Amino acid sequence: RWGLFCATLFAAEMSKILQSFLRRRGVVILDGGLATELESRGLRLDSDLWSAEILLQDPAKIREVHMAYLEAGADVITSSSYQATVEGFQRRGLSAEKAEELLRLSVRLAHEAVEQFVQAQPKDSSRPRPLVAASIGCYGASLANGAEYTGDYGDMTLERLMLWHEPRICALLQEAPDLLALETIPSALEV
């Protein structure tokens with residue numbers, strides 16, 4: 001339960017970060033579709049890992065897409081972890097430790113892009129430092145069967161959902177994202 005406990009503790013701080021950003025800017029511009037941009041650069045995303053596949057193939061391309069969104073005006077960069085799960089990487093033959101390292105890498109790549117972008121800005125720039133959001137897809141996304149849209153998780157229980165999410169949330173939080181982006185959650189049980 002450590003990961004979920006940490007997420008709860010950080011939720012208030014993350015809320016403050018977002019509220020502060022909104023007070024300064026009045027609006028927050030999110031990045032766009034990571035998968036679409038990766039595909040437009042010739043990368044194949046037809047595995048169960050979707051855009052997280054590129055964490056294995058060519059992580060520098062993820063950083064490039066993050067930079068492109070920052071240069072286009074994005075205030076929030078979302079990690080490439082939506083469909084990245086410990087179980088998903090294990091199905092590819094990776095250890096749990098390697099899977100967690102790849103989850104952390106997804107957030108590090110976003111931080112690196114933000115840092116590179118900030119360093120390239122003029123010293124007198126009034127633009128606030130962009131934020132990094134760790135993407136957390138629903139359990140259904142890991143099934144790669146459309147359940148991420150229907151919420152049909154079979155006999156899944158709240159307890160099992162919590163245990164399933166914990167290693168991913170814990171790994172993502174270790175890289176200190178500014179926000180957690182809980183994306184496409186179609187099941188009331190998971191909310």
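Let's start with what packs over helix α4: the cover on its buried residues includes α2, α3, β1 and α6. Contact here is heavy atoms within 4.5 Å, and buried is under 20% relative accessible area, exposed over 50%, with partly exposed in between, using a 1.4 Å probe and protein chains only. Helices (H or I, at least four residues) and strands (E, at least two) are DSSP runs, numbered from the N terminus.

A word on the source: this is a predicted model, where local features need pLDDT of at least 70, side-chain atom pairs count only at pLDDT 80 or more, and totals for chains, interfaces and linings use all residues. Residues are numbered from 1 along each chain as its sequence is written, and side-chain values use heavy atoms, with hydrogens and water left out.

Back to α4, then. Which of its residues are buried? They are I62, V65, H66, M67, Y69 and L70. The helix covers residues 59-71, and its 13 residues should span 18 Å at 1.5 Å a residue; the end C-alpha atoms are 19 Å apart, which agrees. That expected span is 1.5 Å times one less than the number of residues. Just after α4 comes G73, with a positive phi of about 115°.

Now to the core. The largest nonpolar core has 43 residues, and those with the most contacts inside it are L38, L55, L70, I77 and F89. Helix α6, residues 96-120, gives the most to this core, with 10 residues. By nonpolar core I mean a set of buried Ala, Val, Leu, Ile, Met, Phe, Trp, Tyr and Cys residues joined through side-chain atoms within 4.5 Å. A second, separate core has 9 residues, including Y139, A147, M156 and L161.

Let's zoom in on L38. Leaving aside neighbours within four places in sequence, L38 is in contact with L43, L45, S51, I54, K61, I62 and V65.

Helix α6 also holds L105. Is L105 buried or exposed? L105 counts as buried, because its relative accessibility is 16%. Not counting residues up to four places away in sequence, L105 touches L55 and P59. There is also a long-range neighbour to look at: L105 and E175 are 70 residues apart along the chain, yet their C-alpha atoms are separated by 8.3 Å.

Next, the sheet. Strands of a sheet pair through backbone hydrogen bonds, either parallel or antiparallel. Here we have an open sheet of 3 strands in the order β1-β2-β3, with parallel pairing. The edge strands are β1 (76-78) and β3 (179-183), each of which pairs on one side only. On average, neighbouring strands of this sheet are turned by 35° against each other, direction ignored. Two strands count as paired if DSSP finds at least two bridges between them.

How many bridges join β2 to β3? There are 5 of them, with β2 taking up residues 131-137. You can spot I136 standing opposite L182 in β3, while S135 has A181 as its bridge partner in that strand. On the other pairing, β1 and β2 run in the parallel sense over 3 bridges, and V76 stands opposite L131 in β2.

Why is β2 largely enclosed by the rest of the structure? Because 7 of the 7 residues of β2 are buried. In a regular strand the side chains alternate between the two faces of the sheet. For β2, L131, A133, S135 and G137 are buried on one side, and V132, A134 and I136 are buried on the other.

Lying across β2 and β3 is helix α9, running at about 170° to β2. For that angle, axes are lines fitted to C-alpha atoms, for helices over the stretch in contact, and angles run from 0 to 180 degrees between N-to-C directions. Helix α9, residues 158-173, has 16 residues and reaches 21 Å from its first C-alpha to its last, close to the 22 Å expected. A kink of about 35° lies at E166, shortly before the proline P167; the bend is the angle between axes fitted to the seven residues ending there and the seven starting there. Among the buried residues of α9 are L161, W164, H165 and E166.

Finally, two unusual backbones. W50 has a positive phi of about 55° although it is not a glycine, and W50 is found in the loop between α2 (34-40) and α3 (53-57). T184, in the segment after β3, has a positive phi of about 50° and is not a glycine either.
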